[in-house]
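Here is a short note to help you find your way around a structure that is new to you. Please keep the sequence and the 3D view open as you read the points below.

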Amino acid sequence: MAERKQITTKEYLAEVKGGLENDLNLNAKALPENFNQSRFVLNCISLIKSNLSNYNNITPESVYLALAKGAYLGLDFFNGECYAIPYSGEVNFQTDYKGEIKLAKTYSRNPIKDIYARQEAQHASGHIRITGTAGAEILAGTVFCTPATDSSPSLEFATDEDCTI
């Protein structure tokens with residue numbers, strides 16, 4: 001396997017920026033409506049620049065491919081809706097709870113006004129086990145998804161016992 005030649009920070013960032021712009025242009029139809037590509041690319045480069053030491057030994061291709069995933073979903077790295085996490089020589093894309101809420105609101109069949117969760121009792125115990133999903137458990141508490149209409153919340157949960165749904 002050929003070793004990658006040393007490049008300057010400026011060259012590295014230029015490769016990331018060029019690759020990201022190229023990838024977004026090639027897949028423009030996959031981008032959300034009203035997507036501001038220039039702003040997104042500048043935010044991504046600023047993000048990489050501020051954490052450059054974390055991206056040692058990671059190829060520019062790995063970086064811009066992870067960043068492009070945020071663009072396709074309409075998530076913003078600067079707002080903490082998602083992250084580009086360097087790990088084991090590559091960059092992994094990860095959504096944050098803010099990004100998950102944004103995706104649920106954006107792509108829900110029924111309009112959603114708000115999503116929030118809170119623990120009802122200070123020492124509530126128990127879990128919800130989601131059937132068919134390996135290892136998916138939610139601690140006992142209450143989760144609300146408030147529809148945009150004035151109807152009642154569509155999901156409510158509070159228990160001290162295990163439930164299977």
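1. Let us begin with the overall layout. The protein chain has four helices and seven strands. Read along the sequence, these elements come in the order α-α-α-β-β-α-β-β-β-β-β. Please keep in mind that this is a predicted model.

2. A few totals help to set the scene. The protein chain has 165 residues, and buried residues make up 32% of them. About 11,200 Å² of the protein chain is exposed, with carbon and sulfur atoms supplying 50% of that area. Of the contacts with a separation of 6 or more, 53% are between residues 24 or more positions apart.

3. Now to the inside. The largest nonpolar core has 27 residues, and the members that touch the most others are Leu-20, Leu-24, Tyr-55, Val-63, Leu-67 and Phe-77. Which elements give two or more residues to this core? They are α1 (9-26), α2, α3, β1 and β2 (90-95).

4. Leu-20 is a good residue to click on if you would like to look at this core for yourself. Leaving aside neighbours within four places in sequence, Leu-20 is in contact with Phe-40, Val-41, Cys-44, Tyr-64, Leu-67 and Ala-68. Two of these names come back elsewhere in this note: Leu-67 is also listed among the core members that touch the most others, and Phe-40 belongs to an aromatic cluster.

5. That cluster deserves its own point. Phe-35, Phe-40, Phe-77 and Phe-93 form one aromatic cluster, and the structure holds three aromatic pairs. One of them joins Phe-35 and Phe-40, whose rings are tilted, with 5.4 Å from centre to centre and 50° between the planes. Are these two residues buried or partly exposed? Phe-35 counts as partly exposed because its relative accessibility is 24%, whereas Phe-40, at 5%, counts as buried.

6. Phe-40 also pairs with Phe-77, again in a tilted arrangement, at 6.0 Å centre to centre and with 50° between the planes. Phe-40 sits in helix α2 (residues 37-50) and Phe-77 in the loop between α3 (60-73) and β1 (82-87), so this pair ties together parts that are 37 residues apart in sequence. Phe-77 is buried, with a relative accessible area of 6%.

7. Next come the charged side chains. The structure holds two salt bridges. In one of them, the side chains of Asp-76 and Arg-39 meet at 2.8 Å, N to O. This pair links distant parts of the chain, with Asp-76 in the loop between α3 and β1 and Arg-39 in helix α2, 37 residues apart. The partners sit in different settings: Asp-76 is buried, with a relative accessible area of 7%, while Arg-39 is partly exposed at 43%.

8. In the other salt bridge, the side chains of Lys-102 and Glu-81 meet at 3.2 Å, N to O. Lys-102 belongs to helix α4 (residues 97-107) and Glu-81 to the loop between α3 and β1, so the pair ties together parts that are 21 residues apart in sequence. Glu-81 counts as buried at 11% relative accessibility, and Lys-102 is partly exposed, with a relative accessible area of 30%.

9. Here is a polar residue to look at alongside Asp-76. Asn-43 has its place in helix α2. What does Asn-43 touch, not counting residues up to four places away in sequence? The answer is Asp-76 and Phe-78. Asn-43 is itself buried, with a relative accessible area of 14%.

10. Finally, please turn to the surface. Tyr-83, Ile-85 and Tyr-87 make a nonpolar surface patch of about 320 Å². Ile-85 lies in strand β1 and counts as partly exposed, at 38% relative accessibility. Strand β1 is also among the elements that give two or more residues to the largest nonpolar core, so it is worth viewing from both sides.

Terms used
Residues are numbered from 1 along each chain as its sequence is written. This is a predicted model: local features need pLDDT of at least 70, side-chain atom pairs count only at pLDDT 80 or more; totals for chains, interfaces and linings use all residues. Side-chain values use heavy atoms; hydrogens and water are left out. Rings of Phe, Tyr and Trp (its six-membered ring) pair if their centres lie within 6.5 Å; planes under 30 degrees apart count as stacked, over 60 as edge-to-face and the rest as tilted. Buried means under 20% relative accessible area, exposed over 50%, partly exposed in between (1.4 Å probe, protein chains only). Contact means heavy atoms within 4.5 Å. Accessible areas come from the Shrake-Rupley method with a 1.4 Å probe; for residues, only the protein chains shown count as cover. A salt bridge is a side-chain nitrogen of Lys or Arg within 4 Å of a carboxyl oxygen of Asp or Glu. A nonpolar core is a set of buried Ala, Val, Leu, Ile, Met, Phe, Trp, Tyr and Cys residues joined through side-chain atoms within 4.5 Å. Patches are made of residues with over 30% relative accessible area and no salt bridge: like charges are joined within 9 Å, nonpolar side chains (Val, Leu, Ile, Met, Phe, Trp, Tyr) within 5 Å.
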